[in-house]
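Subject: Structure for your review

Dear colleague,

Please find below the structure that I am handing over to you. My account of what was found in it follows directly after.

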Amino acid sequence: MGFKEDPEKGAVGLNGDVKRPLLRKEHGKEYYRRSPKKGKSSEAFQGSVATALFCTAVVALGPLQFGFCNGYSSPSEDGIISDLSLSLSQYSVFGSLSNVGAMVGAIVSGQIADFIGRKGALIVAVIPNIIGWVTISVAKDASFLYLGRLLTGFGVGVISFTVPVYIAEIAPKHLRGGLGAANQLSVTIGIMLAYLFGLFLGWRALAVAGVVPSALLVLGLFFIPESPRWLAKIGNEDFEASLQALRGSQIDVSLETVEIRSVVETGNEQPRIKFSEIFERKYAMPLTIGIGLLLLQQLSGINGIMFYSSSIFKSAGISSGNVATLGLGAVQVVMTAVSAVLIDKAGRRLLLMISSAGMAVCLFLVGLAFYLKSHLTGVSHLEMFTSILAVTSLLVYIVSFSLGIGAVPWVIMSEILPVNVKGLAGSVATLANWSSSWLVTMTINLLLEWSTAGTFFLYAIICSLTLVFVAFLVPETKGRTLEEIEASFR
């Protein structure tokens, strides 16, 4: 029988059977790998998959809460403005404050997750989330709304860092990509659920519903292990027991244990880099690409459009704006799942270029629809045409965003930043993302009041610039090791 070599799994038979290496050298020592008991390997493998799926499903309640928070502003806008007599600018502040809280949460999330663990960080995130939703649900004026929104935003900021890290650290190699995609998929599901429940619930009841994912997350955290890599990092010998629980009792984890120890020891030997050093010339290009993509992702207007999609649809002449918004959420869920499948097949650059080009065209068409609508009043058949054009273009815009710009910038940022600056540089890039998200949500209502058509033309120009940015600066990272990618920037 012939075999082909797999650098991660060892020799693989032509029939697909994995032949794991029995001997490996590590730091001058030899480590033997015990084979699972005969007849138990399939059962153990299934147990490992089931455990990884369960752990991912539990922590995915965090990004689901993230998405619910993002989606809440759209169906609740009319009710809150009417009941609390808010001005448009006051509601714009409310919508944008989640990003302010998230910026603070993102800055401290790394330190929290390193100090008290990944599970501990998620509990820290859940507490302000629950308090924030309760505060919003009982709000009598704008101040309570603002406080609640800041608290939920802080929790979202911590979640946005901690959940992807936990999934990456507990997932088996052969499942890491798919499970990692569950993070963004859960965000889109949360957005869709906010739109769905917003059709039947008032804004106060909808805020109470926002407590549910956080409460379920707290309960679920009692049934999943802590990240074995974090336990190893702090010198806790229980990390091997945690790893064994994740992989299954019949799986030998000695090699993975050695690899984790080796990585931890290597990391401890490297000097801590200063904040000012991440802006040195040797890091300039990867940092520019990472920050640039995350900035342009938000400056495309996505969060502002999703936050206030109901009012945008009503402006387009669609009477049931919330139903149309629910359609947007459903499309985003489906296309995010498609993107997760395509990213390692089509490549990062191709998805980004198709995505940004599609977004630019769609936003131009939305702007054109609103321009024609404002200049062709009284012509019924043309008004119907402009409404259909606006809604269709917005749907295709969401499809285009979800296909590439939605998830790929985060993937590329994690791939191109050198390992010794990834923590600090990643924090800077994440902060830039949340800052630009705040800017968009704070200004979109004011821009729409200035000129609906002009607002979409502006976002179309930014998406065109994104296409140029990707074409000239962003490298293809598909199929390359992190070391190869890092070496290409030297």
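I begin with the cavity lining. The residues that line the largest cavity divide into 2 nonpolar, 6 polar and no charged. They are Gln184, Thr188, Gln332, Thr336, Phe401, Ser402, Gly406 and Ala407. Two or more lining residues come from each of helix 6 (176-198), helix 15 (321-346) and helix 17 (380-405). The space in this cavity is about 30 Å³, and the count of cavities of 30 Å³ or more comes to 1. Please bear in mind throughout that this is a predicted model.

As to the overall make-up, the protein has 21 helices and 5 strands. It comprises 490 residues, of which 50% count as buried. Among contacts with a separation of 6 or more, 79% are between residues 24 or more positions apart.

The aromatic residues deserve a paragraph of their own. A search of the whole structure finds 7 aromatic pairs. One of them joins Phe66 and Trp434, whose ring centres are 5.6 Å apart; their planes stand at 35°, so the pair is tilted. Because Phe66 lies in helix 2 (residues 61-84) and Trp434 in helix 19 (residues 422-450), this pair ties together parts that are 368 residues apart in sequence. Both Phe66 and Trp434 are buried.

A further pair is made by Tyr72 and Trp133. Their ring centres are 5.2 Å apart and their planes are at 70°, and the pair is edge-to-face because that angle is over 60 degrees. Here too distant parts of the chain are linked, with Tyr72 in helix 2 and Trp133 in helix 4 (residues 118-137), 61 residues apart. Tyr72 has 0% relative accessibility and therefore counts as buried. Trp133 also has a value of 0% and is likewise buried.

Tyr72 and Trp133 belong to one aromatic cluster, together with Phe68, Tyr91 and Phe94. Phe94 has a charged partner as well: the charged end of Arg149 sits over the Phe94 ring, 5.0 Å from the ring centre.

Two individual residues may also be of use to you when you inspect the model.

The first is Val187, which is placed in helix 6. Is Val187 buried or exposed? Its relative accessible area is 6%, and Val187 is buried because the cut-off for that class is under 20%. Leaving aside neighbours within four places in sequence, Val187 is in contact with Pro63, Phe66 and Gly67. Phe66 is thus a contact of Val187 as well as the ring partner of Trp434. Ala60 is 127 residues away from Val187 in sequence, yet the C-alpha to C-alpha distance between them is 8.5 Å.

The second is Leu243, found in helix 10 (residues 239-247). With a relative accessible area of 0%, Leu243 is buried. Leu243 and Thr257 are 14 residues apart in sequence, and in space their C-alpha atoms are 8.0 Å apart.

If you wish to follow these points on the structure, a convenient order would be the cavity lining, then the aromatic pairs, and then the two individual residues.

With kind regards

Terms used:
Residues numbered from 1 in each chain as written. Predicted model: local features only at pLDDT ≥ 70, side-chain atom pairs only at ≥ 80, totals over all residues. Heavy atoms only, no water. 1 Å grid on protein atoms, 1.4 Å probe; cavity = no way out; pocket = protein on both sides within 12 Å on 5 of 7 lines; lining within 4 Å. Points joined across faces, edges and corners; volume = space filled by probe spheres on them. Helix = DSSP H or I, 4+ residues; strand = E, 2+ residues; numbered from the N terminus. Nonpolar A, V, L, I, M, F, W, Y, C, P; charged D, E, K, R; others polar. Phe/Tyr/Trp six-rings, centres within 6.5 Å; stacked < 30°, edge-to-face > 60°. Buried < 20%, exposed > 50% of the residue type's maximum accessible area, 1.4 Å probe, protein only. Lys NZ or Arg CZ within 6 Å of the ring centre and 35° of its normal. Contact = heavy atoms within 4.5 Å.
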